[in-house]
Amino acid sequence: MGPGPINADPRVLRAMSAPLLGQYDPAMTAYMTETQELYRQVFRTANDATLLVDGTSRSGIEAVLVSLLEPGDRVLVPVFGRFGHLLKEIAERCLAEVHVIEAEWGTVFEPEQLEAAIVEVRPKVLALVQGDTSTTMCQPLADVGEICRRHGVLFYSDVTASLGGNAFEMDGWGLDAATAGLQKCLAGPSGSAPTSLSDAAVEVIRSRKHVEAGIRESSDDLDEEATIRPRIRSNYFDLGMILDYWGPRRLNHHTEASSMLYGARECARLLVNEGMGTAIERHRLHGAAILAGVQGLGLEVFGDVAHKMNNVVAVEIPAGLDGDGARSAMLHDFGIEIGTSFGPLHGRVWRIGTMGYNARHDAVLGTLAALEQVLRGGGLSPVPGGGVAAAKEVYAG
Ligand SMILES: *Cc1c(COP(=O)(O)O)cnc(C)c1O
């Protein structure tokens, strides 16, 4: 019950144990095509360029940033938690000129703040996290695409922690790139990064693809207007090559990670069968139940609850209690893992997740019942039965 990774859905684990296939086996290429179609539904997009990057969530982040950003390009990274710092760090390694604005932990940005920074910086790319598990905040994105469009900025979001558990509309909100992972609301293991790119993003990537080290490859490229763009500084994360691998040409790149593909496909299949709206509502319900439950035990919650992600809550560790001792007791006595925290919140809050396969009644009620006993064991006097009762009230509507 931590902020991720979570218990994978048993159906995902079962799918991953299927026999391996070579990447050009017709069954395998059919699975790849199906997986693309399923993730279009998960991201809510018509983007052709929807695929998996093989690696954990940050492989998707690296692929997008290294493929979109040329050395010297300006990128704006609004930071409201740990993962904003990760986007900044990766963009710096792409030799981009990185501009950062920061929001206090536990808060999100207003669209006006983002627009003012865009006007000032004039970036090529805005790189913005949607849900940052470090603070539990969910940055509203619905108005940001329109702002980016007005100012000619490509809009990229890392939706790893939020996708599947909180509303996300790739096309409706005007995003150019989004990347995710499986180990949060998608109910899978880490190791695959679903990624989607708009036509505009693909065009930026394609404009770099055919120029090797600043030398034009063919006479077709001898167009006076053409600018020579440096090639993408990674082979593995070159989204131009990865697109050709997943696209109709199926040009060889890496050896597709077959078992991860089966897992990623099953994660998306389960969500799409459930219905994206139903899955988000499930996360909202169980998130509301755990929130009411910890409050019902008499605990305080960190951050602006109005902007909290559905799938994780940060609970203030009560004064006088050994926070790590309580986490150990949860694990050893009850087999329940809850999360610690980073940076300014280290030692101050626990993070409890209700996501993917763990967004369930029994998981929520069992966690609250166990937490009550652990608090009592630590010498506190939580409201007897207050956690489970408050959660059940949420479930009763
Ligand atoms: C959990 C999380 C990640 C995880 O990245 P990995 O490479 O899979 O460890 C990335 N971004 C965000 C916003 C996350 O919450």
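Good morning. Let us begin at the ligand, where one of its nitrogen atoms lies 2.7 Å from an N or O atom in the side chain of Asp158. I should state at once that this is a predicted model.

Two further polar contacts involve oxygen atoms of the ligand. At Arg58, the backbone supplies the partner: one of its N or O atoms is 2.9 Å from a ligand oxygen. At Thr133, the side chain does so, with an N or O atom 3.2 Å from an oxygen atom of the ligand. The protein covers 89% of the 390 Å² of accessible area that the ligand has on its own.

Where does the ligand sit? Its place is in the largest pocket. The residues surrounding the ligand include Thr56, Ser57 and Phe83, followed along the chain by Val129 and Gly131. Also among them are Thr160, Ala161, Gln183 and Lys184. Sorted by class, this shell comprises six polar, three nonpolar and three charged residues.

I turn now to the protein as a whole. The domain assignment gives domain 1 as residues 10-273 and domain 2 as residues 276-396. Taken over C-alpha atoms, the centres of domain 1 and domain 2 are separated by 31 Å. How many residues of each domain are in contact with the other? From domain 1 there are 26, and they meet 22 residues of domain 2.

Note on methods:
Residues are numbered from 1 along each chain as its sequence is written. This is a predicted model: local features need pLDDT of at least 70, side-chain atom pairs count only at pLDDT 80 or more; totals for chains, interfaces and linings use all residues. Side-chain values use heavy atoms; hydrogens and water are left out. A residue is near a molecule or strand if one of its heavy atoms lies within 4 Å of it. A polar contact is a pair of N or O atoms within 3.5 Å; within protein, one must be able to donate a hydrogen and the other to accept it, and residues adjacent in sequence count only if both atoms are side-chain atoms. Accessible areas come from the Shrake-Rupley method with a 1.4 Å probe; for residues, only the protein chains shown count as cover. On a 1 Å grid over the protein atoms alone, a cavity is a set of points where a 1.4 Å probe fits but cannot get out, and a pocket is an open set with protein on both sides within 12 Å along at least five of seven lines; lining residues have an atom within 4 Å of a point. A molecule sits in a cavity or pocket if more than half of its atoms lie within 2 Å of its grid points. Ala, Val, Leu, Ile, Met, Phe, Trp, Tyr, Cys and Pro count as nonpolar, Asp, Glu, Lys and Arg as charged, and the others, Gly among them, as polar. Domain bounds come from an automatic or database domain assignment. Contact means heavy atoms within 4.5 Å.
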